[in-house]
Amino acid sequence: MGVWLVVVSGWAASVPAPIAADRPLPELQLFLDEARKRLQPDDSRQSGYMFVSTEHRQKLDGRGRTTAEFTTVSESYPGFAPGEERWRRVIVEHGKPVAQDVLRKRDEERRKHAEDFARKMQDPRERAKLAREREKERRRASEAVDDAFRVYDIAMLGREAIDGHDTIVLSMTPRPRAAARTREGRWLRAFKGRAWVSESDYELVKLEVEAIDTISMGFGMLARMHKGTTAAFARRQVDGATWLPARAEYRVSARVLMLKSMREGGTVEFSSYRKFGVETATTIAPPANRD
């Protein structure tokens, strides 16, 4: 789902209901300018948080019928440096709890990594290097978001309410021969979509996308994602303020390594968000339930 992280993720927890249409819609460009200021990839938004992710995967046959199901529950912790993947402390795998001795071993490995990082950060040169890397990562993410506005012709469709928030509904249609500057932008040219943006604070609440063309990754050698692949994402407010991913839903048809066909559907739910800081970096514990 990394293709859409340049825009954001989630899936609405309730069915959006139409709201009063007698109010005029906002001016499109001014509304987009404000929304652009707040638009960030999900990994950037989640970088300051620990959370629990619950993933349900279904293997599908050619007719879309489920042939196998898998459930994974993980506690997700931020990486310590830009570009470092989040640490997923898997506590349920294939529907079964992970053994305590396995968890203790993984916790100890992570604790050592955290302590090594803390010692490294005592060097001012290392802290300066980290700051430069974070700025580079911030610019890369910003360029990818800029590409979304280059790639798409955006139109305002109307106004809807989602979970008590008034949203403006936008359609996103790829422009012919759009000059994308990033890898993510080039991928986005193969997708159309709709976005629901909060009218009061200009935050992206919900996004739905569908592949209208086949996407080649790694020059087609790694994977080819087929036309018809769909995904839907939603955010919700955490602590009544910050908008963070709540749910993602996808249905993918692809060919991997030019050989293996893959048909899969699934959902990912994000819960129990908790602020991540130095004091939690070396202490492994389940995130407190702060939904």
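Biologist: How many residues lie between strand 2 and strand 3 in the hairpin, and which residue in the turn has a positive phi?

Modeller: This is a predicted model, in which local features need pLDDT of at least 70, side-chain atom pairs count only at pLDDT 80 or more, and totals for chains, interfaces and linings use all residues. Residues are numbered from 1 along each chain as its sequence is written, and side-chain values use heavy atoms, with hydrogens and water left out. Strands are DSSP runs (E, at least two residues), numbered from the N terminus. Between strand 2 and strand 3 there are five residues, and the one in the turn with a positive phi, about 85 degrees, is Gly-64.

Biologist: How many bridges join strand 2 to strand 3, and which residue is the bridge partner of His-56?

Modeller: Two strands pair if DSSP finds at least two bridges between them. Strand 2 (residues 49-60) and strand 3 (residues 66-77) run antiparallel and are joined by ten bridges. The partner of His-56 in strand 3 is Thr-71.

Biologist: In strand 4, which residue does Ser-74 stand opposite?

Modeller: Strand 3 also pairs with strand 4 (residues 87-93), in the antiparallel sense, over five bridges. Opposite Ser-74 stands Val-90.

Biologist: Why is the pair of Phe-51 and Phe-270 edge-to-face or stacked?

Modeller: Rings of Phe, Tyr and Trp (its six-membered ring) pair if their centres lie within 6.5 Å; planes under 30 degrees apart count as stacked, over 60 as edge-to-face and the rest as tilted. The whole structure holds six aromatic pairs. In this one the ring centres are 5.6 Å apart and the planes stand at 75 degrees, so the pair is edge-to-face.

Biologist: How many residues apart in sequence are the parts that Phe-51 and Phe-270 tie together?

Modeller: Both Phe-51 and Phe-270 are buried (under 20% relative accessible area, with exposed over 50% and partly exposed in between; 1.4 Å probe, protein chains only). Phe-51 belongs to strand 2 and Phe-270 to strand 14 (residues 260-275), so the parts that they tie together are apart in sequence by 219 residues.

Biologist: What is the angle between the planes of Tyr-77 and Trp-87?

Modeller: Tyr-77 lies in strand 3 and Trp-87 in strand 4, so this pair ties together parts ten residues apart in sequence. Tyr-77 and Trp-87 are both buried. Their pair is tilted, with 5.3 Å centre to centre and a plane angle of 40 degrees.

Conventions. Helices (H or I, at least four residues) and strands (E, at least two) are DSSP runs, numbered from the N terminus.
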